[in-house]
Amino acid sequence: MSSDALFEKVLIANRGEIALRIHRACQEMGIRTVAVHSTADADAMHVRLADESVCIGPAASKDSYLNIPAILSAATITGADAIHPGIGFMAENAQFAEMVIEHGFTWIGPTPEHIRIMGDKVTAKKTVIDLGLPCVPGSDGPVRDFEDASAVAEQIGYPILIKAAAGGGGKGMKVAWNRDQLREAYQLARGEARAAFGNDQVYIEKYLANPRHIEIQLLGDNYGTVVHFGERDCSVQRRHQKVIEEAPSPALTVEQREWIGALAARTAQSLGYRGVGTMEFLYENGQFYFIEMNTRLQIEHTITEMVTGVDLVREQIRVAAGQPLGYSQADIRFNGHSIECRINAEHPDTFTPSPGLIRQYHAPGGLGVRVDSALYDGYRVPPHYDSMIAKLIVHGNNRTECLMRLRRALGEFVIDGVDTSIPLHQRIISEPDFVAGNYDIKWMEEWIKRRA
């Protein structure tokens, strides 16, 4: 895995901890960085550490981090030769990727075609079914109207899940347990999908009772090589948002792990996929069901890095520069166990966002402890963006050691001035179900109800 300087200067089209994460990888590769920022982020750490910075607009993300002309202008005036979109904002915007390429910059990500195909969940599902991946039973594509939806539901059996074709993050997603509920759920899902994505197409899947969320980290180069870096278990979720992730999953056997990893890698290879990507599955009763592919870096990529020792951002940059992977699946080693806690600026019981001034900040340390955060003493968490302010990632030789280390690290973590979800994480990882690895994607919501 070469350390050659592949670009002179990379513009990072994002903010917060992920902008810092990319900046650090670039610095270690001898690449200069350009930070873009809104007026609200003028004092942000990613701006302070970058070699250059450009203000691209006011606080509202639609006027700054989602402002394509402003980002491209920043790249032009600073002489950047590549653009990394980070996570969120423009990372899965095929039009932005095309415009980056058309303006002569290298796009650090998969091809716009792959972003577009996998961004439409219906098209993605059709594509991977043709390539042999198992999917949840459901409609072949968007349903035409309520009667069409009802016919599909009767065929696969209730309960069913209505999902937005262009969706994500739980928006435009509704469950119906019978035909009466379906009528209202169908209209609500279309309305939410239209408001969130500008596209009211919805499709239908069989609703699984108690699945786990298992995802496979993939990486491909321009020369047809695709490898996987094992799975992550992201089943601890609230309102379809991941809260805690771990690798490997405590639910899978070695044989299941190798089988689904190899199958996902073969599928991505058949697509000619380039860059990092993640195939996400529901897992229930020993069966995997493909649900979607994210054509970008994931927040939880860190736990994969901890168990494989591979810097995925560095690999992402190398591949975008046209370098071959230079290694095969047999060269990837898996070591120990890793767990990530997403630390949000929010009340640990009510989940109310808590922006404000950080009066004191102390990150835990020691062997096997990593904190990805853009916080510092005196930083003011702005109210305009996502509430995640840190990621605590811990590694141990096995799951038991990892959990012991995670308890210690959470106890050391000091973020004073705003409410945080640290107490929530301390309670979750002390629950017997979590300690035993006995949870699914509904576990956290039910645990919250029991505590109310």
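Before we start, two strands pair if DSSP finds at least two bridges between them, and strands (E, at least two residues) and helices (H or I, at least four) are DSSP runs numbered from the N terminus. The model is predicted: local features need pLDDT of at least 70, side-chain atom pairs count only at pLDDT 80 or more, and totals for chains, interfaces and linings use all residues. Residues are numbered from 1 along each chain as its sequence is written, and side-chain values use heavy atoms, with hydrogens and water left out.

**Exercise 1. Work out which strands pair with E11, and how enclosed E11 is.**

Step 1: Start with E10 (residues 226-238), which runs antiparallel to E11 (residues 241-247) and is joined to it by four bridges. Opposite valine 236 you'll find isoleucine 244 in E11.

Step 2: Look at the turn. E10 and E11 make a hairpin with two residues between them, and arginine 239 in that turn has a positive phi of about 50°.

Step 3: Now go to E14 (residues 337-344), which pairs with E11 in the antiparallel sense over four bridges. Here glutamate 246 stands opposite isoleucine 339 in E14.

Step 4: Check burial (buried means under 20% relative accessible area, exposed over 50%, partly exposed in between; 1.4 Å probe, protein chains only). Six of the seven residues of E11 are buried, so the strand is largely enclosed by the rest of the structure.

**Exercise 2. Place isoleucine 162 among its bridge partners, and describe the strand that holds it.**

Step 1: Isoleucine 162 has lysine 174 as its bridge partner in E7. E6 (residues 160-164) and E7 (residues 174-176) pair in the antiparallel sense over three bridges.

Step 2: Isoleucine 162 also stands opposite isoleucine 204 in E8. E8 (residues 202-206) runs antiparallel to E6, with five bridges joining them.

Step 3: Sort the side chains of E6. Ile160, Ile162 and Ala164 point one way, Leu161 and Lys163 the other, and all are buried.

**Exercise 3. Describe how H7 packs on H8.**

Step 1: Take the axes, which are lines fitted to C-alpha atoms, for helices over the stretch in contact; angles run from 0 to 180 degrees between N-to-C directions. H7 (residues 146-156) and H8 (residues 179-197) pack at an angle of about 135°, their axes 10 Å apart.

Step 2: That makes H7 oblique to H8 (under 35 degrees counts as roughly parallel, over 145 as roughly antiparallel, 65 to 115 as roughly perpendicular, and the rest as oblique).

Step 3: List the contacts (heavy atoms within 4.5 Å). Phe146, Glu147, Ala149, Ser150 and Ala153 in H7 meet Arg179, Leu182, Arg183 and Tyr186 in H8.

**Exercise 4. Lay out the parallel sheet and find its edges.**

Step 1: Five strands form an open sheet in the order E3-E2-E1-E4-E5, with parallel pairing. The edge strands are E3 (52-57) and E5 (106-107), each pairing on one side only.

Step 2: Zoom in on E1 (residues 9-12) and E2 (residues 32-38), which run parallel and are joined by four bridges. Leucine 11 stands opposite valine 34 in E2.

Step 3: Add H3 (residues 68-78), which lies across E1, E2, E3 and E4 (82-84) and runs at about 150° to E3.

**Exercise 5. Find out how enclosed H10 is, and what follows it.**

Step 1: Seven of the eight residues of H10 (residues 301-308) are buried, so the helix is largely enclosed by the rest of the structure. Among them are His301, Ile303, Glu305 and Val307.

Step 2: Glycine 309 follows H10, with a positive phi near 75°.
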